[in-house]
Every structure is written in C-alpha cells, then in structure tokens.
Amino acid sequence: MCGIFGYIGPRDPVPIIMGGLKSLEYRGYDSAGVAIIQDGQLQIRRCSGKLKNLEELVAKQPLTGQYGLGHTRWATHGRPTEENAHPHRDCKGRIVVAHNGIIENYIDLKRKLLEEGHKFTTETDTEVIAHLIEKHFEGNLEQAVFKTLAQMRGLYAFTVVSADDPQKIVAVREGAPIIVGSVDGEGFVASDVPAVLPYTRSILFLDDHEVAVVARDGIHLFDSSGKSRTPQFQHITWD
C-alpha cells in the first residue's frame, strides 16, 4: 500500500511532508518522492529504496516552497526505480500527481493520449492521470479533475497540484482511503490518520466518489461530478 501526504500552509512544507511520509512507512514501499511548488515552479526529488535515501537526496539537493506532495510507492506497474517513483508529471511539468491504487483502463487511456501527442516517461499507470488532467486543464484544477474522473476506471486515491492553479491541493477517493484536515491556515492530506495527528484532530474522511479541494482557507468538498457537498468532520480523540 502506498503512502500519500500533502501540506499547504505558511511553514516550510518539506520537513512536514517528510515527517508525514515517515509516519506512513508501516504501509510498505520500495521508492519515495516529494514535489514542491515555489513561486510558480515545480521541483521534484525522487529515489528508489527507503525514505532515508530521499532524505539524503533532499539534503544534497535542497528544496523549499509553499506547498506540495509526498509519496511512498509500492510498485505495481513498473519497476521500483527512480523514474517510476511518484510524484508524476504531465508533459509540461506543471501538474504533478501522487496516487495509490490501480487504474484498470490505463492502457487504453495511455494509447489514446499517445496518439494525441502526449509524451510518457514512466511505466506506471499513475502517469496517465497527470496527462489526462493536463488534457482537460483550462485554468481550474478541480474542474480538470472532474473531467478526468469521468474517463477512469479502478479503485484508487490520488492527490494533485498544479503550478498554474496555485495554493490548492485536490484529493480524490475512488475506493482507496484518503483523509484531509485543516487548522489555523494550514491544510493536510494523507493516506491515514496517524500522519496528521501532530497537526490537527479535526479530520474529514473522504467517501468514495468524493473530491476535496484543500487550501489555506479551508476545505471544499464535491462529488466526482462537481456538485458541492457539506463536509462532515470527525474529532479524533486517540493518539
């Protein structure tokens, strides 16, 4: 099972994301990566092996920014290499996705995207998501996600950010667990509750077919067609 952690807020996102990934190591993984957006530019660090390898890479090639995503991957499509490690980008390097689960029709989707001129650099099904969102993107990230979901089949969860629609993280659940939370101008996305407990105990458990837009001013919830929903947060009392 893969681990996903995202952060948006006033603090440096890198140590927070790395700490979130460390708390998700129990899920098992064979590669790891982090993607950070700073002043409209996307920066990515990825590596195979354990999280300590990513920590060493980030120490050698520092990055900082305003928000971002992290991921620990258990290989299903493609070998556990640096190029197949998440997060994955679109053709332009402006959209990045971290994903858990399986896209059942990714081969058909990839074939069509290739015919349309998209360039793929990995063996993963995840990269299809980034290119589909790129295809549908017209300035609003969640609207592109809604159109993308209409084309995909499978059981999955993913998070996505765009350098061209900044200051938001979009999270999707379609059969695989993902949670979101916010407090005092900060937003969090994670695969499981322990990763966010150091920061907030007000948690929104996404249901299947739900999409959350996480920003510094709070969380907006939709169904997969784009219809607004009222979030029902739960207070977590355990540690």
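**Figure 1. Aspartate 39 in the hairpin of strand 2 and strand 3.** Aspartate 39 is exposed, its relative accessible area being 57%, because the value lies over the limit of 50%. The model shown in this and the following views is a predicted one. Aspartate 39 belongs to the loop that joins strand 2 and strand 3. These two strands form a hairpin with two residues between them. The phi angle of aspartate 39 is near 50°, a positive value in a residue other than glycine. Strand 2 covers residues 31-38 and strand 3 covers residues 41-48, and the two pair in the antiparallel sense over eight bridges. Within this pairing, valine 34 has arginine 45 of strand 3 as its bridge partner.

**Figure 2. Isoleucine 44 and its surroundings.** Isoleucine 44 is a residue of strand 3. With a relative accessible area of 14%, isoleucine 44 is buried, because the limit for this class is under 20%. Which residues does isoleucine 44 touch, not counting those up to four places away in sequence? The residues in contact are Val34, Ala35, Pro87, Arg89 and Val96. The view may also be used to locate leucine 69, which is 25 residues from isoleucine 44 along the chain. The C-alpha atoms of isoleucine 44 and leucine 69 are separated by 9.5 Å.

**Figure 3. The packing of helix 4 against helix 5.** Two packed helices are described by the angle between their axes and by the distance between the axes. Helix 4 comprises residues 126-136 and helix 5 comprises residues 141-149; their axes are 8 Å apart and enclose an angle of about 115°. The crossing of the two helices is right-handed. Helix 4 contributes Ile129, Leu132, Ile133 and His136 to the contact, while helix 5 contributes Leu141, Ala144, Val145, Lys147 and Thr148. Of the residues in this contact, six are nonpolar, two are polar and one is charged. Helix 5 also lies across strand 7, strand 8, strand 12 and strand 13. With respect to strand 7, helix 5 runs at about 155°.

**Figure 4. The open sheet of seven strands.** The strands of this sheet follow the order 5-6-7-8-12-13-14, and their pairing is antiparallel. Which strands stand at the edges? Strand 5 and strand 14 do, each with a single partner strand, so one side of each is left without a neighbour in the sheet. At one end of the order, strand 13 (residues 218-223) and strand 14 pair in the antiparallel sense over two bridges. Phenylalanine 222 stands opposite serine 228, a residue of strand 14.

**Figure 5. Salt bridges between separate parts of the chain.** The structure contains nine salt bridges, several of which are described here. In one of them, aspartate 164 is joined to arginine 94, with the closest N and O atoms 2.8 Å apart. Aspartate 164 is in the loop between strand 7 (154-162) and strand 8 (169-174), and arginine 94 is in the loop between strand 5 (88-89) and strand 6 (95-103), so this salt bridge ties together parts that are 70 residues apart in sequence. Aspartate 164 is partly exposed, at 40% relative accessibility.

A further salt bridge joins the side chains of lysine 135 and glutamate 116, at 3.1 Å from N to O. Lysine 135 is in helix 4, whereas glutamate 116 is in the loop between helix 3 (106-115) and helix 4; the two residues are 19 residues apart. Both are partly exposed: the relative accessibility of lysine 135 is 34%, and that of glutamate 116 is 38%. Glu142, Asp165 and Lys168, in turn, are linked in a network of salt bridges.

**Figure 6. Arginine 229, glutamate 210 and histidine 209.** The side chains of arginine 229 and glutamate 210 form a salt bridge, at 2.7 Å from N to O. Arginine 229 belongs to strand 14 (residues 228-229) and glutamate 210 to strand 12, so the pair connects parts that are 19 residues apart in sequence. Is each partner buried or partly exposed? Arginine 229 is partly exposed at 36% relative accessible area, whereas glutamate 210 is buried at 5%. Histidine 209 is located in the loop between strand 11 (202-205) and strand 12 (210-215). The phi angle of histidine 209 is positive, at about 70°, although this residue is not a glycine. Histidine 209 is partly exposed, and its relative accessible area is 45%.

Methods
Residues numbered from 1 in each chain as written. Predicted model: local features only at pLDDT ≥ 70, side-chain atom pairs only at ≥ 80, totals over all residues. Heavy atoms only, no water. Axes fitted to C-alpha atoms, helices over the stretch in contact; angles between N-to-C directions. Helix = DSSP H or I, 4+ residues; strand = E, 2+ residues; numbered from the N terminus. Left-handed = near helix turned anticlockwise from the far one by under 90°. Contact = heavy atoms within 4.5 Å. Nonpolar A, V, L, I, M, F, W, Y, C, P; charged D, E, K, R; others polar. Pairing = 2+ DSSP bridges. Buried < 20%, exposed > 50% of the residue type's maximum accessible area, 1.4 Å probe, protein only. Salt bridge = Lys/Arg side-chain N within 4 Å of Asp/Glu carboxyl O.
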